[in-house]
Amino acid sequence: MKLHLFIAAFVALAISARVEAGPTNSPASTPRYETRAEHDPNGIGTFYMGREIAHVMGHQAADWLERPEREREERPDLLIPALKLKPGDAVADIGAGTGYYTRRLAKPIGTNGVVFAVEIQSEMLDLLTNKLAGEKIFNVKPVLGTITDPKLPQAAVDLILMVDVYHEFDHPFEMVTAMCQSLKPGGRMVFVEFRGEDPNVPIKLVHKMTEAQVRKEMSIHPLEWVETISTLPQQHVIVFRKKP
Ligand SMILES: C[S@@+](CC[C@H](N)C(=O)[O-])C[C@H]1O[C@@H](n2cnc3c(N)ncnc32)[C@H](O)[C@@H]1O
């Protein structure tokens, strides 16, 4: 009897010790980012959920963002209506660059709406601000963010747009966490990325993303997939909504 009691006490102790330690392979014990020595020269050697993060496009190449061929290659005339924006909406253009899309977002939301144009390069924000002044667009707020924080107001944004940006986030987990906090309940987060599934899209591998990879990376955030729009020539438009 005494032996039975001793064995029961020992088993209970062992179980409680295991619960306190937690499962050894839990997500919390797995490093979020991995550094690999062998990697694509266009990437930074840091991997997130199996994907290599790309180098940030420097402001020295800003002219490339304003090239006239973008109208034909990216069809912003199709993308902007597909976002179904309403007058008065608050929109965030993350990684706004020179404001190529910011300026186009500013129109459908009208004077009562606002576009937060977020950038980590102040040189890009200077170029963006000059172009806004030239086109007399007054409903845009330029925001200097950091690599982990877009510095947006909490629960205030109807739609977040990232065109050709997400794959170069240095800290994608932290950025998406903060962006989710800035969305209103039911607000949308939209990724426009060159199609990684399509070898005919003439963009370097780490600068493209597959739909499956975007959905995998968003599956750990409070977001639900809504639709993927495939009407653009080379990019897909992957739309998520913040879960209630
Ligand atoms: C390829 S450009 C695209 C610019 C713009 N979306 C367009 O399509 O014209 C990517 C931009 O994202 C910016 N970027 C990268 N990481 C960022 C971050 N964590 N927060 C804000 N902007 C970021 C870069 O500085 C760069 O200007």
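Okay, let me start at the ligand. By class, the shell around it breaks down into 16 nonpolar, four polar and three charged residues. Keep in mind that this is a predicted model.

So who sits closest? There are 23 residues around the ligand, and the ones that come nearest are Met-57, Gly-95, Gly-97, Tyr-100 and Val-163. As for secondary structure, helix 5 and strand 5 are the elements that give two or more residues to that shell.

Strand 5 is where I'd like to spend the rest of my time. That's residues 114-119, and six of its six residues are buried. Both faces are covered, too. On one side you've got Val-114, Phe-116 and Val-118, and on the other Val-115, Ala-117 and Glu-119, all buried. Yes, the glutamate is on that list of buried residues as well.

Now, the neighbours. Take strand 4 to begin with, residues 90-94: it runs parallel to strand 5, and five bridges join the two. If you want a spot to click on, Val-91 stands opposite Val-115 in strand 5. To get from strand 4 to strand 5, the chain goes through helix 5, residues 100-106, and that β-α-β crossover is right-handed.

Then there's strand 6, residues 140-144. Strand 5 is joined to strand 6 by five bridges, and these run parallel as well. Here, Ala-117 has Pro-142 as its bridge partner. The chain passes from strand 5 through helix 6, residues 122-134, to reach strand 6, in another β-α-β crossover that is right-handed.

So, to recap: strand 5 pairs with strand 4, it pairs with strand 6, and it gives residues to the ligand shell. That's it from me.

Key. Residues are numbered from 1 along each chain as its sequence is written. This is a predicted model: local features need pLDDT of at least 70, side-chain atom pairs count only at pLDDT 80 or more; totals for chains, interfaces and linings use all residues. A residue is buried if 20 or more other C-beta atoms lie within 10 Å of its own, exposed if 12 or fewer, and partly exposed in between; C-beta atoms are placed from the backbone. Helices (H or I, at least four residues) and strands (E, at least two) are DSSP runs, numbered from the N terminus. Two strands pair if DSSP finds at least two bridges between them. A crossover is right-handed if, with the strands pointing away from the viewer, the path from the first strand over the helix to the second runs clockwise. A residue is near a molecule or strand if its C-beta atom, placed from the backbone, lies within 6 Å of it. Ala, Val, Leu, Ile, Met, Phe, Trp, Tyr, Cys and Pro count as nonpolar, Asp, Glu, Lys and Arg as charged, and the others, Gly among them, as polar.
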